[in-house]
Amino acid sequence: MWIIFILVVVVFWLIYSKKNAIKKSKYKNIVPLGYKLFYTDQNTKEKEDNVIYKKILYSEKYNIQGKPDYIFKRFNSYYPIELKSGSIKDDPMPHLGDLMQLVAYFIIIEDLYGHRVKEGKLVYKDYCFRIKNTRRLRKYFFKVLSDMRHMLKTGKGNPTCSFTHCKYCICRHTVCEFYRKLS
Ligand code: SF4
């Protein structure tokens, strides 16, 4: 009886935490309440003092780099935002590559500025996603990173190739041999 109860609690917790870790909404205001612009990769005519423009952000610890579209800051809290040119339509989740890009920014910012990012945003043309920097997402990101590095080093890998998984990948009709075999 207790085991069933614990299982039910765990399943509810998993569903609840997953649901809240990534939230889709129509609301597209990119400036989080109370935050100020800290960094941008966007072209702007007038430059503000105390804003970093177009610098490559590099994490020495993880050897990853990137240029988020925006980072907003409030005290020691950093909030990265990435704008996407495409639409997401009815998809309940953001594209995996975009999600991993945002998680990479979480990790780079933490390494550079010494504070863990709580959340960030992916903004598509029609919807946006508020993404929390959860332990599960970070774990998944490091697994993907390690797989990619292993592939680069050895030329070997086990991609999870499918029509759904590869739907938005730019490699699928160009360089990807795995997708070619699938189609
Ligand atoms: S098309 Fe190839 S590279 Fe792209 S996600 Fe699928 S397996 Fe990976």
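**Getting to know the fold**

Me: Which residue in β3 is the bridge partner of Thr40?
Reply: Strands here are DSSP runs (E, at least two residues), helices are runs of H or I with at least four, and both are numbered from the N terminus. β3 covers residues 52-53. In that strand, Thr40 is bridged to Tyr53.

Me: What kind of model is this?
Reply: Residues are numbered from 1 along each chain as its sequence is written, and side-chain values use heavy atoms, with hydrogens and water left out. Local features need pLDDT of at least 70, side-chain atom pairs count only at pLDDT 80 or more, and totals for chains, interfaces and linings use all residues, as the model is predicted.

Me: How many helices and strands does the protein chain have?
Reply: Walk along the sequence and you get α-β-β-β-β-β-β-β-α-β-β-α-α. Count that up and the protein chain has 4 helices and 9 strands.

Me: In what order do the strands of the open sheet of 7 strands lie?
Reply: Strands pair if DSSP finds at least two bridges between them. The pairing in this sheet is mixed: β2 (residues 36-40) runs antiparallel to β6 (residues 70-74) over 4 bridges, while 2 bridges join β2 to β3 in parallel. Across the open sheet, the order is β1-β9-β8-β7-β6-β2-β3.

Me: Which strands stand at the edges of the sheet?
Reply: Look for strands with a single partner, so that one side is left without a neighbour in the sheet. That fits β1 (22-25) and β3.

Me: Which residue in β6 stands opposite Leu37?
Reply: β2 and β6 pair in the antiparallel sense. Opposite Leu37, in β6, stands Phe72.

Me: How are α2 and α3 placed relative to each other?
Reply: Axes are lines fitted to C-alpha atoms (for helices, over the stretch in contact), with angles from 0 to 180 degrees between N-to-C directions. The axes of α2 (residues 96-113) and α3 (residues 135-154) come within 10 Å and cross at roughly 100 degrees. Angles under 35 degrees count as roughly parallel, over 145 as roughly antiparallel, 65 to 115 as roughly perpendicular and the rest as oblique. So α2 and α3 are roughly perpendicular.

Me: Which residues in α3 does α2 meet?
Reply: Contact means heavy atoms within 4.5 Å. From α2 come Leu96, Leu99, Met100, Val103, Ala104, Ile107 and Glu110. In α3 they meet Leu137, Arg138, Tyr140, Phe141, Phe142 and Val144.

Me: Is His95 buried or exposed?
Reply: Buried means under 20% relative accessible area, exposed over 50%, and partly exposed in between (1.4 Å probe, protein chains only). His95 is found in the loop between β7 and α2. Leaving aside neighbours within four places in sequence, His95 is in contact with Ser87, Ile88, Tyr124 and Tyr168. At 15% relative accessibility, His95 counts as buried.

Me: And what about Lys156, buried or exposed?
Reply: Lys156 sits in the loop between α3 and α4 (177-182). Neighbours within four places in sequence aside, Lys156 is in contact with His150 and Met151. With a relative accessible area of 61%, Lys156 is exposed.

Me: Which residues are around the ligand?
Reply: A residue is near a molecule if one of its heavy atoms lies within 4 Å of it. Around the ligand, that picks out Pro159, Cys161, His165, Cys166, Cys169, Cys171, Arg172, Cys176 and Tyr179.
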